[in-house]
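Reader: I've got a new model open and would like to walk through it with you. Could we take one feature at a time?

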Amino acid sequence: MRDQLEKIKQEALKQIEASDALEKLNDIKVAYLGKKGELTNVLKSMKDIAPEDRPKVGQLVNDARAVIEGKLEETIAVLQKKVREEQLKKEVIDVTLPAKRSKVGHSHPNTIALEEVERIFVGMGYEVMEGPEVEYDSYNFEKLNIPKNHPARDEQDTFYISDSILLRSQTSPVQIRAMEEGKMPIRMLAPGRVFRSDEVDATHSPSFHQIEGLVIDKNITFADLKGTLAEFAKELFGPETKVKFRPHHFPFTEPSAEVDVTCFKCGGNGCRFCKGSGWIEILGCGMVHPNVLSMSGIDPNEYSGFAFGMGLERIALLKYEIDDMRLLYENDIRFLKQF
């Protein structure tokens, strides 16, 4: 038994010394010290040894185990040190090299324009509100004084999901929902994505953004609307900006108007940007129609209000002098990094 244990020990030590990888050392440990290893097999055979000799054999086995374990630990430490040294050589860092420049993103032109418009109106006491993009026909049209078979429905080329559900063609439904809550006074701004069946070109897209505003209170007049939009235009385009109101027709406002501002490129003198007129159209507006107030549960004899709406993309195109709306959605980094 002594000779057998000595042979096992010497074979184990020889294999350990010949090992050049940590994986091989683990295999040796299992082969000699594991549950089915050589030394374990010796211990299992002790039932065949005379009882008086078993303590001596057990001691011999323990001594062999200790020698093998000690050699394993020593060799593992040496190999681990060698692995660390090789790793440090491979992962050496040259601190004199220039750092890698991180590409930090920034806001999209639409987002920049929207945040500026929101800042202006929030500063005037408005609340920014949002609503669903998938809307009921009644909120998108009927409660805005646009009944079925009204010509305005054809002009908007709406995406219908069913007879009563559609993709909203304007953010006006958000205003209707706010009026139905009945919490007066109302001073709100409703930005959001809208959808119309338009062909894609330099000024049109089937998906774009609108910003609509609404004020409902007692004794609101057209003069309040003009003063509000004049202040907005000065904040957005510069303090010298003037506004011009042209009569127009919208089903949900009466009276209604289109609003022009003096060209911020030429100051109103006429240039290529404003096509020589000195004026640029930016939005539509008007006093909220009494029928709209009544359908929303508001007494038109007690309350009045005004509403306005503008295209976010149009504001961005004008402010940053972009001549093609498609550039806003092509995700060309060469274009976007200019802002």
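Author: Here is a short tour of confidence, the sheet, the helix contacts and a few backbone oddities.

Author: Bear in mind throughout that this is a predicted model.

Reader: Then let's begin with confidence. What is the mean pLDDT of the protein chain, and where is confidence lowest and where highest?

Author: The general idea is simple: where pLDDT is low, the predicted coordinates should not be read in detail. Here the protein chain averages 86, with 94% of its residues at 70 or more. The lowest confidence falls in helix 7 (residues 151–156), which has a mean of 67. At the other end, strand 1 (residues 127–128) has the highest, at 96.

Reader: Good, on to the sheet. In what order do the seven strands run, and which are the edge strands?

Author: Follow the pairing from neighbour to neighbour. Walking across, you get 1-4-5-9-8-7-6, an open sheet of seven strands with mixed pairing. Strand 1 and strand 6 (243–250) are the edges, each pairing on one side only.

Reader: How do I read a single pair inside that order, say strand 5 and strand 9?

Author: Look at the sense of the pairing, then count bridges. Strand 5 (residues 207–217) runs antiparallel to strand 9 (residues 304–311), with eight bridges between the two. For a landmark, find Asp217, which sits opposite Ser304 of strand 9.

Reader: And strand 6 with strand 7: how many bridges, and how many residues in the hairpin that joins them?

Author: That pairing is antiparallel too, over seven bridges. The hairpin from strand 6 to strand 7 goes through two residues, and Phe250 faces Thr253 in strand 7.

Reader: Now helix packing. At what angle do helix 5 and helix 9 pack, and how far apart are their axes?

Author: Take the angle and the axis distance together. Helix 5 (residues 109–123) packs on helix 9 (residues 222–237) at about 135°, and the axes lie 10 Å apart. That angle is why helix 5 counts as oblique to helix 9. As for handedness, helix 5 crosses helix 9 in the right-handed sense.

Reader: Which residues meet there?

Author: From helix 5 you have Glu116, Val117, Arg119, Ile120 and Phe121, and they meet Thr228, Phe232, Glu235 and Leu236 of helix 9. By type, the contact of helix 5 with helix 9 is made of five nonpolar residues, one polar and three charged.

Reader: What about helix 5 and helix 11: at what angle do they cross?

Author: Those axes cross at roughly 100° and come within 9 Å. Helix 5 and helix 11 are therefore roughly perpendicular to each other. Pro109, Asn110, Ala113, Leu114 and Glu116 of helix 5 meet Leu312, Glu313, Ile315, Ala316 and Lys319 of helix 11. The split for this contact of helix 5 with helix 11 is six nonpolar, one polar and three charged. Notice that Glu116 is listed in the contact with helix 9 and also in the one with helix 11.

Reader: Let's finish with the backbone. Which residues does a cis peptide bond join, and where do the prolines lie?

Author: Check omega for these. Met184 and Pro185 are joined by a cis bond with omega about -5°, and Pro185 belongs to the loop between helix 8 (172–181) and strand 4 (186–195). The bond from Glu254 to Pro255 is cis as well, with omega near -5°. Pro255, though, is part of strand 7 (residues 253–262).

Reader: And positive phi: where is Asn145 found, and what is the place of Asn331?

Author: Here you look for a positive value in a residue other than glycine. Asn145 has phi near 65° and sits in the loop between helix 6 (137–140) and helix 7. Asn331 has phi near 55°, in the loop between helix 11 (312–319) and helix 12 (333–336).

Technical notes:
Residues numbered from 1 in each chain as written. Predicted model: local features only at pLDDT ≥ 70, side-chain atom pairs only at ≥ 80, totals over all residues. Heavy atoms only, no water. Axes fitted to C-alpha atoms, helices over the stretch in contact; angles between N-to-C directions. Helix = DSSP H or I, 4+ residues; strand = E, 2+ residues; numbered from the N terminus. Parallel < 35°, antiparallel > 145°, perpendicular 65-115°, else oblique. Left-handed = near helix turned anticlockwise from the far one by under 90°. Contact = heavy atoms within 4.5 Å. Nonpolar A, V, L, I, M, F, W, Y, C, P; charged D, E, K, R; others polar. pLDDT = per-residue confidence, 0-100. Pairing = 2+ DSSP bridges.
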